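Colleague: I've got a fresh model open on my screen and would like to go through it with you. Can we take it one question at a time?

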Amino acid sequence: MSFLPNLCTVKGICILDNDGKRVVSKYYDSNDDTFATVKDQKAFESKVFKSTEKSSSEIVAINNYTVVFRSNVDLFFYVIGDSNENELMLLSVLNALYESVSMILRKNVEKRTVFDQMDSILLICDEVVDRGIILESDPNNIVNRVHVKTEDIPLSEQTVTQVFQSAKESLKWSFVAITSAQHVYNMW
């Protein structure tokens, strides 16, 4: 049995919460019956979560797949490859994904902040892997491509999330200024 070289090394990327529920998932092999439907994907994710939630290792073999993972406060990050895939390559993808997310979220990698920055998280996934092919593994390069300051984008070209985030920042600084002014006034 010989293995032909293949650029498609990643079968999927998942981020699950501490209950095993999907936060983010992207699968790259539509020909594989395991990932054919959302129901199949969720069944696989459930099996992966049950196998890894109490595991002390970073690598597990599940249904002819190699799964590397990393857990955080309330999230589990997974990269899935074939059973004959190089674990070090999968681990470099996992580290690039996790470090990029950590940089974008300013080291506050929690479920709530991931949901708040979902557009950036999905862009990170796309920058790391495209259709199963590893594109980038340097977190700094990934973050530089993904992280665009919303002040530099015209309002008409911003996403709804970016507009709300910008408005939230403006309101926060307005309240800080008002609170500071009231504090100074009360001191006199």
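Colleague: How many salt bridges does the structure hold?
Modeller: Keep in mind that this is a predicted model. Side chains of opposite charge can pair when their charged atoms come close. For the structure as a whole, the number of salt bridges is 10.

Colleague: Take aspartate 29, then. Which side chain does aspartate 29 meet in a salt bridge?
Modeller: Aspartate 29 sits in the loop between β2 and α1, and its partner is in the segment before β1, 18 residues apart. Both residues of the pair are buried. The N to O distance is 2.5 Å, and the partner is lysine 11.

Colleague: And is lysine 11 buried or exposed?
Modeller: Lysine 11 also meets aspartate 82 in a salt bridge, at 3.8 Å from N to O. Aspartate 82 lies in strand β5, 71 residues apart from lysine 11, and is partly exposed at 27%. The relative accessible area of lysine 11 is 12%, and under 20% means buried, so the word for lysine 11 is buried.

Colleague: Over to the pair of aspartate 126 and lysine 26. How many residues apart in sequence are the parts that the pair ties together?
Modeller: The two side chains meet in a salt bridge with 3.0 Å from N to O. Aspartate 126 belongs to helix α4 and lysine 26 to strand β2, so the parts tied together are apart in sequence by 100 residues.

Colleague: What about accessibility there: which value does lysine 26 have?
Modeller: Aspartate 126 counts as partly exposed, at 35% relative accessibility. Lysine 26 counts as partly exposed too, since its value falls between the cut-offs of 20% and 50%. For lysine 26 the relative accessibility is 22%.

Colleague: Now the sheet. Which strands stand at the edges?
Modeller: Five strands form an open sheet with antiparallel pairing, in the order β2-β1-β5-β4-β3. Two of them have a single partner strand each, so one side of each is left without a neighbour in the sheet; these are β2 and β3.

Colleague: Inside that sheet, what is the bridge partner of isoleucine 13 in β5?
Modeller: β1, residues 12-17, and β5, residues 75-82, run antiparallel and are joined by six bridges. For isoleucine 13, the partner in β5 is valine 79.

Colleague: Which helix lies across β1 and β2?
Modeller: Helix α2 lies across β1, β3, β4 and β5, at about 30 degrees to β4. Across β1 and β2 there is a helix of residues 118-128, running at about 30 degrees to β2, and that is α4.

Colleague: Glutamine 41 caught my eye. With which residues is glutamine 41 in contact, leaving aside its neighbours within four places in sequence?
Modeller: Glutamine 41 has its place in helix α1. The relative accessible area of glutamine 41 is 12%, so this residue is buried. Its contacts beyond those neighbours are Arg22, Tyr27, Thr34 and Phe35.

Colleague: On to the rings. How many aromatic pairs does a search of the whole structure find?
Modeller: A pair of aromatic rings is described by the distance of the centres and the angle of the planes. Searching the whole structure gives a count of eight.

Colleague: What kind of pair do phenylalanine 35 and phenylalanine 44 make?
Modeller: Phenylalanine 35 is buried at 3%, and phenylalanine 44 is buried at 3% as well. Their ring centres are 5.3 Å apart with the planes at 90 degrees, so the pair is edge-to-face.

How values were computed: Residues are numbered from 1 along each chain as its sequence is written. This is a predicted model: local features need pLDDT of at least 70, side-chain atom pairs count only at pLDDT 80 or more; totals for chains, interfaces and linings use all residues. Side-chain values use heavy atoms; hydrogens and water are left out. Two strands pair if DSSP finds at least two bridges between them. Helices (H or I, at least four residues) and strands (E, at least two) are DSSP runs, numbered from the N terminus. Contact means heavy atoms within 4.5 Å. Axes are lines fitted to C-alpha atoms, for helices over the stretch in contact, and angles run from 0 to 180 degrees between N-to-C directions. A salt bridge is a side-chain nitrogen of Lys or Arg within 4 Å of a carboxyl oxygen of Asp or Glu. Buried means under 20% relative accessible area, exposed over 50%, partly exposed in between (1.4 Å probe, protein chains only). Rings of Phe, Tyr and Trp (its six-membered ring) pair if their centres lie within 6.5 Å; planes under 30 degrees apart count as stacked, over 60 as edge-to-face and the rest as tilted.
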